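This briefing concerns a single molecular structure and the way its parts are arranged. Please read it alongside the sequence and the three-dimensional view shown here.

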Amino acid sequence: MEVFLKSSKIPIKFKIKRMPRLLVMLYLCKKHSMGKPVFLIGYMGSGKSTNGRKLARIIGYFHFDLDEEIEKLVGKNINQIFSEEGEDAFRLLEHSVLVSLTNRKNIVVSTGGGTPCYYNNLQLMKDVGVIVYIKMKPESLAKRLQSSKVKRPILVRAQAGDLSAFIAKHLAQREDFYKQAHLTIKGENLDFDILLNSVKEYL
Ligand code: S3P
């Protein structure tokens, strides 16, 4: 089946393998709209998915992991999308899936590390929801990411053994976007209660 994602201003066409969960969840979220969406942003490996899932469960919101939704939609994993379609196509998909989520309520979205840095994604999230930046130091990120490098095409560009230096440089480029979040929370030994209570004040 082929589908146009009409919610984005930029029409895109991709082979769609599975999309029922996304549609069902979006329908339910629309029906029960109440609270602002919460977007977790931050560098790869900062804990956006784990904490997003936990946060959603506790505040009774639906959880979406942007990368997982893209993978389900296209029927390919992130590495395959990067290698077969290219990064530009991935960014367009990422933008389109994000757009499709921005008019929903009662959702927590764990974004990808690059999401706020492309198109008008940051502004889109700012306009409708609460953005939380999980901030971590390059050295801490490098430790976490060393073993999962292969799953992240962006990190393949880093020279072996030089992961921390690569992350430091890359993070500095992205920090201007990240620091525009409504809330910033330290990702090393993240205090979940602080995250929870801070977010609640914004809902
Ligand atoms: C990316 C981060 C990844 C994924 C893709 C690109 C990035 O998500 O979206 O590999 O540009 O930082 P995670 O932050 O969940 O690893």
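The points below cover the sheet, the helix packing and the ligand surroundings. The model is predicted. It includes an open sheet of five parallel-paired strands, and a ligand with ten named neighbours is described last, including Met-44 and Ile-154.

**The sheet**

- Five strands form an open sheet in the order S4-S5-S3-S6-S7, and their pairing is parallel.
- The edge positions belong to strand S4 (62–65) and strand S7 (183–186); each has a single partner strand, so one side of each lacks a neighbour in the sheet.
- From one strand to the next, the twist averages 20°.
- S4 and strand S5 (residues 107–110) run parallel and are joined by four bridges.
- Within this pair, Phe-62 stands opposite Ile-107 of S5.
- Helix H3 (residues 66–74) lies across both S4 and S5, and its direction makes an angle of about 70° with S4.

**Packing of H3 with H5**

- The axes of H3 and H5 are 10 Å apart, and the two helices pack at an angle of about 105°.
- An angle of 65 to 115 degrees counts as roughly perpendicular, and H3 and H5 are therefore roughly perpendicular to each other.
- On the H3 side, the contact is made by Leu-66, Glu-69, Ile-70, Leu-73 and Val-74; on the H5 side, it is made by Leu-93, Glu-94, Val-97 and Leu-98.
- Seven residues of the contact of H3 with H5 are nonpolar and two are charged, with no polar residues.

**Packing of H5 with H6**

- Helix H5 (residues 87–102) and helix H6 (residues 121–128) cross at roughly 10°, and their axes come within 10 Å.
- H5 and H6 are therefore roughly parallel to each other.
- His-95, Leu-98, Val-99 and Thr-102 of H5 meet Asn-121, Leu-124, Met-125 and Val-128 of H6.
- The contact of H5 with H6 comprises five nonpolar and three polar residues, with no charged residues.
- Leu-98 of H5 takes part in the contact with H3 and also in the contact with H6.

**Packing of H2 with H9**

- Helix H2 (residues 48–59) packs with helix H9 (residues 192–202) at an angle of about 55°, and the two axes are 11 Å apart.
- H2 and H9 are therefore oblique to each other, and the crossing of H2 past H9 is right-handed.
- From H2, Asn-51, Lys-54, Leu-55 and Ile-58 meet Phe-192, Leu-195, Leu-196 and Val-199 from H9.
- The contact of H2 with H9 contains six nonpolar residues, one polar residue and one charged residue.

**Ligand surroundings**

- Around the ligand are Met-44, Lys-48, Asp-67, Ile-78, Gly-112, Gly-113, Gly-114, Arg-152, Pro-153 and Ile-154.
- The shell around the ligand divides by class into four nonpolar, three polar and three charged residues.
- Lys-48 belongs to this shell, and helix H2 spans residues 48–59.
- Asp-67 is also in the shell, and helix H3 spans residues 66–74.

How values were computed. Residues numbered from 1 in each chain as written. Predicted model: local features only at pLDDT ≥ 70, side-chain atom pairs only at ≥ 80, totals over all residues. Near = placed C-beta within 6 Å. Nonpolar A, V, L, I, M, F, W, Y, C, P; charged D, E, K, R; others polar. Axes fitted to C-alpha atoms, helices over the stretch in contact; angles between N-to-C directions. Parallel < 35°, antiparallel > 145°, perpendicular 65-115°, else oblique. Left-handed = near helix turned anticlockwise from the far one by under 90°. Contact = placed C-beta atoms within 7 Å. Pairing = 2+ DSSP bridges.
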